[in-house]
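I opened this entry to go through the fold element by element. My notes follow in the order in which I looked things up.

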Amino acid sequence: MKFHDVVRSRRTVREFAERAVPAEAVRRALAAGLRAPCNAHLKSWQFVLLRDREQRTHAVVHALKARDMRDPAEIERFLARFDSEELKEVYRRSLPRQQAMMLEAPELLLVCYRMKPLAECRSLFELNPLASVWMCIENVMLTLADEGLFGCTYTPYDAEGLKAHLGIPAGTEIAAVIPFGYPKVPPGEGEGEDLDARLHIDRW
Ligand SMILES: Cc1cc2nc3c(=O)[nH]c(=O)nc-3n(C[C@H](O)[C@H](O)[C@H](O)COP(=O)(O)O)c2cc1C
């Protein structure tokens, strides 16, 4: 695919076909991740693939404590804090799938990075390791999209339980837990944003 088409095709997908992902496609995506730019040449990134189904279930359900919010009343109570109807629609689609997508996906990837404790950071500059790991993640997601593979970058609110469970060393954080595979239904392209509403030339 042409690069621009890959960018346009990438979407968040939370439901997957029962079709194995070729090992080479996974390796290509992770290798592309490692080519991303990073702060101060510090590529502290590590990947964990959770392949064993039983262990994965334990990690997702008990260690990460990810859960699906399925009760419509609970969902609406949660959504009451938001004004944007568009945002509410995203949550109505995603909240019931937060655990299921991780249990069902053919692959589950953790992307980890090193960073000093947040409480010790005094400026946005010191968050550069977090910014950099997301460049790695986007390279991974785009390379997957090029192969017709899609996923969802789940960001744990509290990953300490999962870190302890998997033996992830102190000082290493989990940026995202990413279920991915071939989509159950083709994701479609999305509407895209209005560039002119966001572009400022010479001054805001
Ligand atoms: C930093 C970041 C955190 C996200 N966290 C979650 C998450 O925890 N759970 C989830 O289902 N989707 C998560 N998403 C996916 C977004 O909901 C999705 O990217 C957004 O709705 C735009 O849709 P698109 O990816 O199809 O363009 C996250 C995306 C990003 C970039």
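**Sheet.** I began with the strands, in what is a predicted model. Four of them, in the order β1-β2-β4-β3, make up an open sheet. The pairing is antiparallel. I then asked which strands sit at the edges. They are β1, residues 46-49, and β3, residues 150-151. Each of these pairs on one side only.

**Pair by pair.** I went across the sheet in its own order. β1 meets β2, residues 107-114, through 4 bridges in the antiparallel sense. In that pair I found V48 opposite L110 of β2. β2 then joins β4 over 8 bridges, again antiparallel. There I picked out C112, whose bridge partner in β4 is I174. Finally, β3 and β4 are linked by 2 bridges, in the antiparallel sense. G151 has F180 of β4 as its bridge partner.

**Cover on β4.** How many residues of β4 are buried? I noted 9 of the 10 in this strand, which spans residues 172-181. I logged β4 as mostly covered.

**Helix α2.** Next I checked residues 23-33, which form α2. V26, A29 and G33 are buried there. Seen down the helix axis, the buried residues of α2 fall within an arc of 65°, so they line one face. A helix has 3.6 residues a turn, so positions three or four places apart point the same way. What lies on the other side of α2? I found A23, E24, R27 and A31 exposed there. I also looked up what the buried residues of α2 pack against. The partners are β2 and α7, the latter covering 128-146. This ties the helix back to a strand I had already traced in the sheet.

**Ligand shell.** I listed the residues around the ligand. From the earlier part of the numbering I have R11, T12, V90, S94 and Q98 among them. The list also includes C152, T153, Y154, T155 and G190. I then asked how the shell divides by residue type. The count is 3 nonpolar, 6 polar and 1 charged.

**Whole chain.** I stepped back to the protein chain, which holds 8 helices and 4 strands. From the N terminus, I read the elements as α-α-β-α-α-α-α-β-α-β-α-β. The radius of gyration is 18 Å, close to the 17 Å that the globule rule gives for 204 residues, so the chain is as compact as a globular protein of that length. Along the principal axes, the C-alpha atoms fill a box of roughly 55 × 40 × 40 Å. Of the 204 residues, 25% count as buried. I also looked at contacts with a separation of 6 or more. Residues 24 or more positions apart account for 82% of these.

**F3.** My last stop was F3, in helix α1, residues 3-9. Is F3 buried or exposed? I counted 9 other C-beta atoms within 10 Å, and the cut-off for exposed is 12 or fewer. F3 is therefore exposed. I then took the distance from F3 to H58. The two are 55 residues apart in sequence. In space they are 38 Å apart, C-alpha to C-alpha.

Definitions and conventions. Residues numbered from 1 in each chain as written. Predicted model: local features only at pLDDT ≥ 70, side-chain atom pairs only at ≥ 80, totals over all residues. Pairing = 2+ DSSP bridges. Buried ≥ 20, exposed ≤ 12 C-beta atoms within 10 Å, placed from the backbone. Arc of directions from axis to C-beta. Contact = placed C-beta atoms within 7 Å. Near = placed C-beta within 6 Å. Nonpolar A, V, L, I, M, F, W, Y, C, P; charged D, E, K, R; others polar. Rg over C-alpha atoms; globule rule 2.2 N^0.38 Å.
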